[in-house]
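Please consider the sequence and the three-dimensional model shown below. The paragraphs that follow lead through the strands first and then turn to a pocket.

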Amino acid sequence: MEKIIPYFGAIDLALPNEYNEAIYLVDGREIDLSLAFFNAFEGEDGITEFSAVKDLDPAVLDRVARFMEELDSKIALAQAACIADFHANGEVRDTYIDHHLSEFAPEELAALIDGTDASLPVEERMLARLHLCHIGLHPMPDESDGSFAMFDFTFGEDLTNYVVAVKFAEDGTIQSVDVES
């Protein structure tokens, strides 16, 4: 039996692909979507291990489908969370922007903020360039993270390995705004 998931297409309930990919357009930019199915368990050495899923519960895909049907509103929430975190001197400003401000060569920084409002402070001009690059759904999270979905924002994969990760719970509430590599 299969279930259709927006943007991902048909998912086989009996033996789903462990990792599924799709593309979503946001403001003319291609955003990578991923949908991962795995079982997490504690290994013999105490480290979390993962195994492929067989016989996926249809309720899991129903939750994914509901989340994907509201994708545009979730994107807006994630963007607003990045802006609010920046203005609260949180991870976006103190860890992501300030780090890159000290790391970028002058010509890299100039290229990044080119075309933004020159009357704004450089940090706000950098914030204006932060954009969504990936949305990952993990409908069967392990206890170490517990996030249902993660929205990654970047200045560009060619400029940095770091992302601002906005993590969502299954109910659509934002759990955290973190910087990850």
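How many bridges join strand β7 to strand β8, and do the two run parallel or antiparallel? In this predicted model, β7 (residues 131-137) and β8 (residues 149-154) are joined by 6 bridges and run antiparallel. Within this pair, His134 stands opposite Asp152 of β8. In general, the strands of a sheet pair through backbone hydrogen bonds, in either a parallel or an antiparallel manner.

The two strands belong to an open sheet of 6 strands, whose order is β3-β4-β7-β8-β9-β10 and whose pairing is mixed. The edges are occupied by β3 (19-26) and β10 (174-180); each has a single partner strand, and therefore one side of each is left without a neighbour in the sheet. From one strand to the next, the twist averages 20 degrees. Helix α3 (residues 91-103) packs on this sheet, where it touches β8, β9 (163-168) and β10. The direction of α3 makes about 20 degrees with that of β10.

Attention now passes to the largest pocket, which has a volume of about 220 Å³. It is lined by 13 residues, of which Gln79, Leu130, His131, Leu132 and Phe153 are the closest to its centre. Four elements, β4 (29-36), α2 (71-87), α5 (122-129) and β7, each supply at least two residues of this lining. The largest share comes from α2, with 3 residues. By chemical character, the lining of the largest pocket divides into 9 nonpolar, 2 polar and 2 charged residues. Strand β7 thus appears in both parts of this account: it pairs with β8, and it supplies residues to the pocket lining.

Note on methods
Residues are numbered from 1 along each chain as its sequence is written. This is a predicted model: local features need pLDDT of at least 70, side-chain atom pairs count only at pLDDT 80 or more; totals for chains, interfaces and linings use all residues. Side-chain values use heavy atoms; hydrogens and water are left out. Two strands pair if DSSP finds at least two bridges between them. Axes are lines fitted to C-alpha atoms, for helices over the stretch in contact, and angles run from 0 to 180 degrees between N-to-C directions. Contact means heavy atoms within 4.5 Å. On a 1 Å grid over the protein atoms alone, a cavity is a set of points where a 1.4 Å probe fits but cannot get out, and a pocket is an open set with protein on both sides within 12 Å along at least five of seven lines; lining residues have an atom within 4 Å of a point. Grid points are joined across faces, edges and corners, and a volume is the space filled by probe spheres set on the points. Ala, Val, Leu, Ile, Met, Phe, Trp, Tyr, Cys and Pro count as nonpolar, Asp, Glu, Lys and Arg as charged, and the others, Gly among them, as polar.
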